[in-house]
Amino acid sequence: MAKKILFINQEIAPYVPDSEMSLLGRDLPHSIQEQGFEIRTFMPKWGNINERRGQLHEVIRLSGMNLIIDETDHPLIIKVATIQSVKVQVYFIDNDDYFNKRQMEKDETGKDYADNGERAIFFARGVLETVKKLRWVPDIIHCQGWMSAVIPFYIKTAYHDEPSFANTKVVTSLFAKSLESGLDPNFKRCLEFRDATAELLKPYNDQFDFDELGKLAVDYSDGIVEAVKGVNKDLLDYANEKNIPVLKYSKDNLGDIIKAFYNTVCPCISEESEDE
């Protein structure tokens with residue numbers, strides 16, 4: 001049976017403008033799929049995504065759940081589309097409050113949204129709850145972008161007993177800084193969920209920012225990828241100090257390199273996938 005990789009991406013081209021992150025969000029899943037792996041790919045349904053041009057449509061059977069964040073119900077809407085040029089299907093996490101008619105991390109004036117922390121939490125829980133509904137069990141979850149930074153924490157705490165994730169390994173790609181402002185002051189409180197307790201969050205600053213999010217992701221990941229040039233040196237040093245595998249930046253043969261790295265992180269990813 002083909003090994004399963006879940007990609008949780010902040011940006012994927014062509015749904016958002018081309019960038020190092022969005023191009024990797026498209027090309028890496030495609031490369032891994034071409035090598036015989038079974039994949040699923042998720043991203044937020046940012047407000048600047050043209051649903052008609054991208055041919056997005058709602059998946060009714062997966063939509064309809066309410067996620068409670070900061071004591072408020074937020075309906076979860078799931079949409080799907082296919083990048084025809086690479087034959088990669090993408091699931092979109094949507095919600096009227098957090099994504100509809102809103103940009104990515106910054107508003108029209110160029111300022112970070114004050115509720116970016118809540119948006120990341122909603123996105124993370126929305127992805128994980130949807131994967132459970134799909135009855136799909138990933139061997140590895142690969143997270144790209146600050147919007148996915150709380151995924152490793154949740155996988156190893158709030159969702160660690162879920163059959164879909166009990167044996168899953170987590171890889172996090174680090175990118176250059178994008179958030180300029182700190183997250184909302186209630187971020188830690190909103191992050192608490194099941195076994196993701198306040199006690200586990202004590203080592204982190206009360207005021208979470210981009211770098212603090214990176215540390216949270218590193219602490220609960222099984223492998224780290226230096227995805228681009230310009231990643232914060234302190235964050236890379238922090239990752240290296242954790243004695244977990246760190247893949248240095250390389251622009252060549254990314255699919256092959258990442259596949260080998262997956263095998264380092266999770267020995268269950270073996271050469272047998274090439275023969276299936």
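Which elements each supply at least two residues of the lining of the largest cavity? The tour works towards that space from the whole chain, and the answer comes at the last stop.

**The whole chain**

Begin with the full model, which is a predicted one, shown as a cartoon. Its secondary structure comes to 8 helices and 11 strands, and the C-alpha trace spans about 50 × 45 × 35 Å along the principal axes. A compact globule of 276 residues would be expected to have a radius of gyration near 19 Å, and because the value for this protein is 17 Å, the two agree. If you colour by accessibility, 56% of the 276 residues count as buried.

**Strand β9 and its two partners**

Next select residues 169-174, which form strand β9; this strand is mostly covered, with 5 of its 6 residues buried. Add residues 140-144, strand β8, and you will find that β8 and β9 pair in the parallel sense over 5 bridges. To locate this pairing at the level of single residues, label histidine 142, whose bridge partner in β9 is valine 171.

Now bring in helix α4, residues 151-156, because β8, this helix and β9 together make a unit whose handedness is worth checking in the viewer: the β-α-β unit is right-handed.

Then add residues 223-226, strand β10, which pairs with β9 in the parallel sense over 4 bridges. Here the label to place is on threonine 172, since its bridge partner in β10 is isoleucine 224. While the side chains are displayed, it may help to recall that in a regular strand they alternate between the two faces of the sheet.

**The largest pocket**

Keep β8 and β10 on screen and add α1 (20-34) and α8 (254-265), for each of these four elements supplies at least two residues of the lining of the largest pocket. About 250 Å³ of space lies in this pocket. Of its 18 lining residues, Leu24, Ala227, Tyr249, Ser250 and Leu254 lie nearest the centre, and they make a convenient selection for centring the view. Coloured by class, the lining divides into 10 nonpolar, 4 polar and 4 charged residues.

**The second largest pocket**

Move on to α2 (51-54) and β6 (77-83), each of which supplies at least two residues of the lining of the second largest pocket. This pocket holds about 210 Å³ of space. To show its lining, select Pro14, Tyr15, Asn48, Ile49, Asn50, Arg53, Gly54, Gln55, Thr82, Ile83 and Gln84. By class, these residues divide into 4 nonpolar, 6 polar and 1 charged.

**The cavity**

Finally, return to β9 and look for enclosed space, of which the count comes to 1 cavity of 30 Å³ or more. About 150 Å³ of space lies in the largest cavity. Centre the view on Gly145, Trp146, Ser173, Leu174 and Phe210, which among the 16 lining residues lie nearest the centre of the cavity.

The opening question can now be answered: β9 and α6 (210-219) each supply at least two residues of this lining. Helix α6 gives the largest share, 4 residues. A last colouring by class shows 10 nonpolar and 6 polar residues around the cavity, and no charged residues.

Technical notes: Residues numbered from 1 in each chain as written. Predicted model: local features only at pLDDT ≥ 70, side-chain atom pairs only at ≥ 80, totals over all residues. Heavy atoms only, no water. Buried < 20%, exposed > 50% of the residue type's maximum accessible area, 1.4 Å probe, protein only. Pairing = 2+ DSSP bridges. Right-handed = clockwise from strand over helix to strand, strands pointing away. 1 Å grid on protein atoms, 1.4 Å probe; cavity = no way out; pocket = protein on both sides within 12 Å on 5 of 7 lines; lining within 4 Å. Points joined across faces, edges and corners; volume = space filled by probe spheres on them. Nonpolar A, V, L, I, M, F, W, Y, C, P; charged D, E, K, R; others polar. Rg over C-alpha atoms; globule rule 2.2 N^0.38 Å.
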